[in-house]
Amino acid sequence: MDFNVKKLASDAGVFFTRAVQFTGEKFGQVEKTELDAHFENLLSRADSTKNWTEKIFRQTEVLLQPNPIDHTGTRIEEFLYEKLDRTVPSRPNNGELLGHYMQDAAKDFGPGTPYGSTLIKVGDCERRLGGAQREFLQTSAISFLAPLRNFLEGDWKTISKERRLLENRRLDLDSSKARLKKAKLAESKAALWSEEVDKAAHELRVAQTEFDRQAEVTRLLLEGISSTHVNHLRCLHEFVEAQTAYYKQCYLHMQDLQKELGRFPNAFAGNPVLPMASGGSSPQGNATLPPDAASAVETDTLKIEEVQAPATGTRKAKVLYDYDAADTSELSLLADELITVYTVPGMDSDWLVGERGNQKGRVPVTYLELLS
């Protein structure tokens, strides 16, 4: 008990001495030991590294999980599992949930209906997109976020601790310098004995040694920031590679879905209603094609290059999406362009013949908006 009281009193005395020294420095009343320029540069570089690493880390978290408020319950659960040293149970992400909902809706509406069959295809794509996102998040968390977090929670805490200790050693050193100066001044006036000066000089030597030792420890840690930059550079490359692979995978999934949907009939863009041939007495739903156009149509293979536009029944259509022709019988399309379209007997109802200048080919109905 006596030891604890003495230690407490000693600590209080040291704290008071440091506070007096710090206050005097702020008011410019006492001298302060300045660190060399190289050391100051190391400190400035370390502070900059910490600040920007923290900002990049936080914003990357926002990028990977845009709505953290919506996942508060999930984060608490993950925290509890982490503290219990147990694996967090896997749960579907937003994309995977959307895919499940679409496919369940398709079962309810009927998978054989146009809407149901399309929901199945889109739902499957959304699930694959969700899986790609899950893989991207896991890779980014391990290869990029984890090293940044380790620096902020590990290396930087150690640096901060040693810097605080160095600052305390500096305050002690400057306090010892001030006491020695006062002792020498008092000795010259015969106000103190010479042993007081010797004591102050000894305390100064001890404080200088401790300060120099702590400065070296802190300097070595600060110089390690260069290795931190090299490590973070490697992690940044890995993050870019993961992001590139993720977006490439998403693009391929969407491209496959777009081609898949191009083979399905669009309930809102069926066969165009062509005007009745004028002068005819029989009720005819479609205009009669010229004989040369009809003869160009074969049951198995449609020779597009020989098909001629009908005299009546052609329509203008606006292209909704870009489309790359799969073969020479198809016409490539650019979004927002206008083309002329018409039907020919024997052609699949999902397709029309499109013309643009002297170019001609089959075009998918689902990529068009038929104009009146």
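These exercises work through a predicted model of one protein chain.

## Exercise 1: Read the overall layout

Task: State how many helices and strands the protein chain has, and in what order they run.

Solution:
- Step 1. Count the elements. The protein chain has eight helices and five strands.
- Step 2. Follow the chain from the N terminus. The elements run α-α-α-α-α-α-α-α-β-β-β-β-β.
- Step 3. Turn to burial. Of the 372 residues of the protein chain, 32% count as buried.
- Step 4. Turn to contacts with a separation of 6 or more. Residues 24 or more positions apart account for 67% of these contacts in the protein chain.

## Exercise 2: Build the sheet

Task: Find the order of the strands in the sheet, and say which strands are at the edges.

Solution:
- Step 1. Recall what holds a sheet together. Strands pair through backbone hydrogen bonds, either parallel or antiparallel.
- Step 2. Write down the order. The five strands are arranged β4-β3-β2-β1-β5 in an open sheet, with antiparallel pairing.
- Step 3. Pick out the edges. These are β4 (359-364) and β5 (368-370), and each pairs on one side only.
- Step 4. Add the twist. From one strand to the next, the twist averages 40°.

## Exercise 3: Match residues across the strands

Task: Name bridge partners for W351 and R356 in β4, then trace the pairings of β1.

Solution:
- Step 1. Start with β3 (residues 351-356). Six bridges join β3 to β4, and the two run antiparallel.
- Step 2. Take W351. The bridge partner of W351 in β4 is P364.
- Step 3. Take R356. The bridge partner of R356 in β4 is Q359.
- Step 4. Look at the hairpin of β3 and β4. Two residues lie between the strands, and G357 takes a positive phi near 65°.
- Step 5. Move to β1 (residues 315-319). Four bridges pair β1 with β2 (residues 338-342) in the antiparallel sense. Here K318 stands opposite L338 in β2.
- Step 6. Now pair β1 with β5. Three bridges join these antiparallel strands. V319 stands opposite L368 in β5.

## Exercise 4: Classify aromatic pairs

Task: Decide whether the pair F144 and F239 is stacked or edge-to-face, and show what the pair ties together.

Solution:
- Step 1. Get the count. The model has eight aromatic pairs.
- Step 2. Check the geometry of F144 and F239. Their centres are 4.7 Å apart, with 20° between the planes. Planes under 30 degrees apart count as stacked, and this pair is stacked.
- Step 3. Place the residues. F144 lies in helix α5 (residues 114-188) and F239 lies in helix α7 (residues 225-261), so the pair ties together parts that are 95 residues apart in sequence.
- Step 4. Check burial. The cut-off for buried is under 20% relative accessible area. F144 has 5% and counts as buried. F239 has 8% and counts as buried.
- Step 5. Compare with F151 and W156. The ring centres are 6.4 Å apart and the planes are at 50°, so this pair is tilted. F151 is buried at 2% relative accessible area, and W156 counts as buried at 11%.
- Step 6. Look for a group. F136, F144, F239, Y246 and Y247 form one aromatic cluster.

## Exercise 5: Find charges over rings

Task: Say which rings have the charged ends of K55 and R362 over them.

Solution:
- Step 1. Take K55. Its charged end sits over the ring of W52, 4.7 Å from the ring centre.
- Step 2. Take R362. Its charged end sits over the ring of W351, 4.4 Å from the ring centre.
- Step 3. Link back to Exercise 3. W351 is the residue whose bridge partner in β4 is P364.

## Exercise 6: Describe the setting of H232

Task: Locate H232, then decide whether H232 is buried or exposed.

Solution:
- Step 1. Locate the residue. H232 is found in helix α7.
- Step 2. Check its accessibility. The relative accessible area of H232 is 12%, so H232 is buried.
- Step 3. List its contacts, leaving out residues up to four places away in sequence. H232 touches T53, P147, L148 and F151.

## Exercise 7: Check the cysteines

Task: Count the disulfides, and test C125.

Solution:
- Step 1. Recall the bond. A disulfide is a covalent bond between the sulfur atoms of two cysteines.
- Step 2. Count. The structure holds zero disulfides.
- Step 3. Test C125. The nearest cysteine sulfur is that of C250, 8.6 Å away. The cut-off for a disulfide is within 2.5 Å, and C125 is in no disulfide.
- Step 4. Check burial. C125 is buried at 0% relative accessible area, and C235 is buried at 1%.

Note on methods: Residues numbered from 1 in each chain as written. Predicted model: local features only at pLDDT ≥ 70, side-chain atom pairs only at ≥ 80, totals over all residues. Heavy atoms only, no water. Pairing = 2+ DSSP bridges. Axes fitted to C-alpha atoms, helices over the stretch in contact; angles between N-to-C directions. Phe/Tyr/Trp six-rings, centres within 6.5 Å; stacked < 30°, edge-to-face > 60°. Buried < 20%, exposed > 50% of the residue type's maximum accessible area, 1.4 Å probe, protein only. Lys NZ or Arg CZ within 6 Å of the ring centre and 35° of its normal. Contact = heavy atoms within 4.5 Å.
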